[in-house]
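Could you walk me through this structure in my viewer, one selection at a time? I have not looked at it before.

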Amino acid sequence: MSTRVELHRLDAVVVGGGGAGLAAAVYLARQPGIRTGVISKLYPTRSHTGTAQGGVGAALGNCDPEGDSWEWHMFDTVKGSDYLADQDAVEILCREAIEVVYELEHMGLPFSRTVDGRIAQRRFGGHALNFGEKPSRRACYAADRTGHMILQTLYQQCIRQNVEFYDEYQVVDLLVEENCCKGVVAIEIATGVLHVFQAKAVLFATGGWGRMFEITSNAVTLTGDAPALVWRRGLPLEDMEFFQIHPTGIYKLGILITEGVRGEGGVLRNSEGERFMEVYAPTMKDLASRDVVSRAIYLEVKQGRGIGGKAYVNLDATHLGRELIEEKLPDVADFCRTYIGIDPAIDPMPVQPTAHYAMGGLPTDPDGRLLADADGSIVDGLYAAGECACVSVHGANRLGTNSLLDLLVFGRRAGLHMGVFAAGSDYAALPDDPTGPAIEALERIRNGKGDRAVVIRDEMQAAMTEHVSVFREEPGLAEAVAKIEELRQRFRGVKIDDTSEKFNLDLVEAFELGCLLDCAYATATAARNRTESRGAHYREDFQGRNDQEWLKHTFQKLREGDKVEFSYRQATITRFEPKERVY
Amino acid sequence: MRVRFDIKRYDPEKDEAPYFQNYEVELGETDRVLDGLNEIRWRQDGTLTFRRSCEHGICGSDAMRINGRNRLACKTLIREVGRRVRIEPLLGFPVVRDLVVDQQRFFQDYRSVLPFLVNDDPPPPRERLQSPEARRRFDDTTKCILCAACTTACPSAWGNDSFLGPAAIVQAHRFIFDTRDHATVERLARLAGRCGVWACRTAYNCTMACPREIQVTRAIAEVKRAALLGGP
């Protein structure tokens, strides 16, 4: 491989060009004298934020006569999280929501509008008025391409503010010593050249890792790169057992059909034509939180009421009328026409739950600073935001519209904090051989003689889907952990075909698989460790929520010989005491 | 069914000239062309390289020439292309390797039209108001995913390196017709020259190529009119 190494020195480096990374970059760039670079393995506008459809939550109160309040939003988020979210962080999320959405509008985001010209808002799962009384219109939207418009708007502002971009660079190592971050190492995909980015502050904003499952809404590039690199450096991951399986992916493909369809009045029906969510959630019905709806769909299928005996149900929007669908849900209509040849104004959509969002990830404080342990020690100069981070505002289950909100609020806060931190710090000395470990890892892949990556990936996805999905129990979890351990061993010999320097996708994908295996291992071990059911983590052998023992966050570190060491951090309760969760 | 892929390969480090390589893959009617490319790369030949990410027509990574037309590989089903598929990189840009082209110029042109809202008035405490009608005026061009399918299908762009191309004009349209933007004069000045809208010969290739079904030629015509009238 190329022996050339290029060195860069930047005040702040952002890894990931999606919503969280670009939000941080926008606010970093507003601080004078802070040189900021964004490293992204995709051209930034290709990032997965762009596929978010339904909306971003903020209590603007534009569309309900009762108005709205951030406190109701906070209550819904805490309840949605099954009381595991840290309430101090959720308060920040819901209070600052209003400001960040107005700021986005001022930056140019083309929101859909009400007749009086305000930002249009629609209903979404789990969002209610007056502490759970009835569904609220809180999701601010731009048709069904809200994420696309957020990504475009933030990127546009980065261009205006001359942020430096390193497009199509795959990060391959984190340089951190004694809780002090020094930079990152990345490979320039187009040339194969390694680059060392020395920085005073580094933000990880690499998104999720849904590709550890077979059926997922996630892009093929969502492979948990940052959590894996950080975990390998002996730092902890938080709440990895909580992975959201979204109720409505297109059958077999997993492509997301936004909850906004149900927000606009669409309903789920089983093979009998019954609106079965009336049974599982009498008040919120189809707009119950996602964990509740996904479990309901599984149970309907298990009891023989899947459509045509198959593992899917129907999402019926035929009564909404073509005009509403074309105006408010045009992309959903396009997906249906393109991939399944149906018209949602005439036919119901075949949907099944699809792996969607990681609630857990890199533990941070509300300024995005990475925690080194469950006691809250800080890693100097290292930050995370967006899906790869765990603040924790989503706890055991995230509400729809809160992911876009999370990346905006905490991307902004991280960017602001990094600027101040970088202005007051010097560059830390790089390690003696900054590229040594990265070169070793890449060389091992280039020289492997074992399985092709696809073989290992298929086995990992099968194990995770079978044992670590919506319903979990001990024997299956034990089997999954053993399987992932075996696959991690086999990965050490993974084999690729491509020996080129230029645009070697074979190498990049094998590297990404290694990251996915770390995330899968953390997820399966944490799921096995938590002997209760909460939010998206449902144990058939431990069916109730157990606040006595488990109202706490999981922290896990990777030790010698693939051992996983657990510790815990109490969930922060400020306003809302845990109570039974009914929708 | 067995589908035969004829894929244009080129590695400037190793090959003197581009060549076609054939592969056969077992695929269903509703599989995507991208599924075929993935199968080839994962199980037959890991040296084949291309861009891809979201796999459902939103990220804009996998625009390529499929049976002679610019399309997204993830938004083209096997039943639309049949048992024989010819795949080539987008025309008009240097090839980095196989189906990966160097899009540097494309994004430079994009940046040159001031692709961001300019409004330096102090913002109101809440949102700026905009009627649904005013919002609808530029709805179509907000859909652009910068996949480059239009610009690389445009005969005027093939023949004129300095032409900004349809994608950049679509991006400009999105701001020119936004009532909140204040940079119309500056933006139109950049678009009014020979490298801008007047290089367009209304071939409609751009509209035909757009995977988001944006009425690109119409948007260009609207910018032409704005350039003549001095505003939207």
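Here is a tour that starts with chain B, crosses to chain A and ends on a single residue. Keep in mind that this is a predicted model.

**Stop 1: chain B as a whole**

Select chain B and colour it by secondary structure: you should find nine helices and seven strands. Along the principal axes, its C-alpha atoms fill a box of roughly 60 × 35 × 30 Å. Chain B has 232 residues, and buried residues make up 50% of them. If you count the contacts in chain B with a separation of 6 or more, 65% are between residues 24 or more positions apart.

**Stop 2: the two domains of chain B**

Now give residues 2-101 of chain B one colour for domain 1, and residues 104-229 another for domain 2. The centres of these two domains of chain B, taken over C-alpha atoms, are separated by 29 Å. Where they meet, domain 1 of chain B and domain 2 of chain B each bring 13 residues to the contact. On the domain 1 side, pick out strand β4 (residues 69-72) of chain B, which gives the most, with three residues. That side of domain 1 of chain B divides into seven nonpolar, four polar and two charged residues.

**Stop 3: where chain B meets chain A**

Bring chain A into view. Here 40 residues of chain B are in contact with 41 residues of chain A. To find the chain B side, select α1 (33-44), β6 (95-97) and α4 (132-136) of chain B, each of which supplies at least two residues. Colour that side by class and you will get 13 nonpolar, eleven polar and 16 charged residues.

**Stop 4: the domains of chain A**

Next, select residues 247-355 of chain A for domain 1 and residues 436-546 of chain A for domain 2, following the domain assignment. Taken over C-alpha atoms, the centres of these domains of chain A are 30 Å apart. Five residues of domain 1 of chain A are in contact with five of domain 2 of chain A. Look for helix α8 (residues 290-302) of chain A, which gives the most to the domain 1 side, with four residues. By class, that side of domain 1 of chain A has two nonpolar, one polar and two charged residues.

**Stop 5: the nonpolar cores**

Which residues have the most contacts inside the largest nonpolar core? Show A:Val15, A:Ala24, A:Val202, A:Leu203 and A:Ala385; the core they belong to has 229 residues. The largest share of this core, 16 residues, comes from α15(A). Zoom in on A:Leu203, and among the residues it touches you will see A:Val14, A:Gly21, A:Tyr383 and A:Met418. A second, separate core has 34 residues, including A:Phe276 and A:Leu315.

**Stop 6: helix α15 of chain A**

Select residues 505-529 of chain A to show helix α15. Is this helix mostly covered or mostly uncovered? It is mostly covered, as 24 of its 25 residues are buried. Try the distance tool on its end C-alpha atoms: they are 36 Å apart, and this agrees with the expected span because 25 residues at 1.5 Å a residue should span 36 Å.

**Stop 7: A:Phe566**

Finally, centre on A:Phe566, in strand β20 (residues 563-570) of chain A. Its neighbours include A:Asn529 and A:Phe555, both of which A:Phe566 touches. Why does A:Phe566 count as partly exposed? It does so because 14 other C-beta atoms lie within 10 Å, between the limits of 12 or fewer for exposed and 20 or more for buried.

How values were computed: Residues are numbered from 1 along each chain as its sequence is written. Chains are lettered from A and ligands numbered from 1 in the order in which they are written. This is a predicted model: local features need pLDDT of at least 70, side-chain atom pairs count only at pLDDT 80 or more; totals for chains, interfaces and linings use all residues. The expected span of a helix is 1.5 Å times one less than its number of residues. Two residues are in contact if their C-beta atoms, placed from the backbone, lie within 7 Å. Ala, Val, Leu, Ile, Met, Phe, Trp, Tyr, Cys and Pro count as nonpolar, Asp, Glu, Lys and Arg as charged, and the others, Gly among them, as polar. A nonpolar core is a set of buried Ala, Val, Leu, Ile, Met, Phe, Trp, Tyr and Cys residues joined through C-beta atoms within 7 Å. Domain bounds come from an automatic or database domain assignment. Lists of a residue's contacts leave out its neighbours within four places in sequence.
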